[in-house]
Amino acid sequence: MTRHIDLSLYLVTNRETLPFEDFFRIIRASVDGGITVVQLREKDTSAHEMIRIGKRLLSFLKPLGIPLIINDRVDVAHAIDADGVHLGQSDLTVAEARAILGKKSIIGLSVESLEQAMDAEKEDVDYLAASPIFHTRTKSDCSIPWGLNGLKQLCAISRHPIIAIGAIDETNVKQILECGAAGVAIVSAIFNAPCPKTAAFQILSKMVSP
C-alpha cells in the first residue's frame with residue numbers, strides 16, 4: 001500500500017530542558033520555515049507525557065497536512081492516532097508495529113549498516129533513515145557514520161526512500177541530496193538556531209537552488 005509523505009525537510013524534536021511553550025514555539029516557527037514532517041522524539045518522557053505533547057502537536061499539525069511521527073513508541077502513536085511511528089533496530093519489528101497501527105500508518109526505520117538496509121528490503125516501511133551521516137552528539141549511541149559515500153551506496157541499492165540524519169545543515173544539505181536521498185532529518189540545526197524559521201527556510205532554499 002502506498003502512503004504518501006513528503007520527506008524533504010523532516011524535523012526531529014529535541015526538547016531536553018526547554019519549557020513547553022518554547023518547544024512549541026520552535027515547532028511553529030519551523031513549520032513557517034517550510035518543514036514537511038515532525039517527529040516527536042522524547043527518549044526520557046513517560047507515555048502519559050508523550051501523549052499530552054503529541055495531542056497538542058496533532059491539533060496544530062493535522063489541519064496543515066503535516067504528518068506527526070512518534071519516535072519508538074508504537075503505543076503512543078496508537079493512543080493519539082498519530083500519522084505514524086519511527087522505529088529503531090531495538091524497537092518493535094515493522095510487522096508488529098504494522099499489526100498495531102494498520103496499513104494506513106507511516107512507518108520509518110533507522111538503519112546503521114548496509115546489512116540492516118538489505119534486511120529492510122522485505123519490510124513494509126515508507127522510508128529508511130540513514131543514521132548518522134556525520135558524527136553528532138544527538139546520535140552519539142550509533143555506529144560508524146555513513147558518510148557521503150555510504151549514503152550514495154545505500155540510495156543506490158534500496159527500494160525505499162532514504163532520509164539522512166546526523167549533523168546536517170545548510171552547508172551540506174545539497175551534497176546529501178546529490179547522493180540520492182529523498183530528504184533530510186534535522187535536529188540541532190533548527191532546534192538550536194537563533195531563529196528556527198530562518199534556519200528551516202535556509203536549508204530548504206539550499207535544497208531547491210540550482
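## Strand β8 and its partners

In this predicted model, strand β1 (residues 9-12) pairs with β8 in the parallel sense. Three bridges make up that pairing. Across it, L9 stands opposite V184 of β8. β8 also runs parallel to β7, and three bridges join these two strands. Here I163 is the residue opposite G183 in β8. Between β7 and β8 the chain passes through α7, and this β-α-β crossover is right-handed.

β8 spans residues 183-186. G183 and A185 point one way, while V184 and I186 point the other way. All of them are buried. The two residues of β8 named in the pairings above thus sit on opposite sides of the strand: V184, opposite L9, and G183, opposite I163, point in opposite directions.

## Strand β4 and its partners

β4 covers residues 84-87, and both of its faces are covered. G84 and H86 lie on one side, V85 and L87 on the other, and all are buried.

β3 (residues 68-71) runs parallel to β4, joined to it by three bridges. I70 has V85 as its bridge partner in β4. The connection from β3 to β4 goes through helix α3 (residues 74-80), in a right-handed β-α-β crossover.

β5 (residues 106-111) also pairs with β4 in the parallel sense, over four bridges. In this pairing G84 stands opposite I106 of β5. Helix α4 (residues 94-101) completes a right-handed β-α-β unit with β4 and β5.

## D126 in its loop

D126 lies in the loop between α5 (114-119) and β6 (127-130). Is this residue buried or exposed? Its relative accessibility is 9%, so D126 counts as buried; the cut-off for buried is under 20%.

Leaving aside residues up to four places away in sequence, D126 touches R3, R98, S105, I106, I107 and P161. One of these contacts, I106, is the β5 residue that stands opposite G84.

## Helix α6: one buried face

α6 runs over residues 147-157. Its buried residues are G147, G150, L151, L154 and C155. Seen down the helix axis, they fall within an arc of 135 degrees, so they line one face of α6. An α-helix has 3.6 residues a turn, so residues three or four places apart point the same way.

What covers this buried set? The cover includes β5, α5, β6, β7 (162-165) and α7 (173-178). The face of α6 turned away from the buried side carries the exposed residues N149 and A156.

## The whole chain

The protein has nine helices and eight strands. Its radius of gyration is 16 Å, close to the 17 Å that the globule rule gives for 210 residues, so the protein is as compact as a globular protein of that length. Taken along the principal axes, the C-alpha atoms fill a box of roughly 40 × 40 × 30 Å.

Of the 210 residues, 52% count as buried. The protein exposes about 9900 Å², and carbon and sulfur atoms supply 53% of that area. Among contacts between residues at least 6 apart in sequence, 59% join residues at least 24 apart.

Terms used. Residues numbered from 1 in each chain as written. Predicted model: local features only at pLDDT ≥ 70, side-chain atom pairs only at ≥ 80, totals over all residues. Heavy atoms only, no water. Buried < 20%, exposed > 50% of the residue type's maximum accessible area, 1.4 Å probe, protein only. Pairing = 2+ DSSP bridges. Right-handed = clockwise from strand over helix to strand, strands pointing away. Contact = heavy atoms within 4.5 Å. Arc of directions from axis to C-beta. Rg over C-alpha atoms; globule rule 2.2 N^0.38 Å. Areas by Shrake-Rupley, 256 points an atom, 1.4 Å probe, with all protein chains shown as cover.
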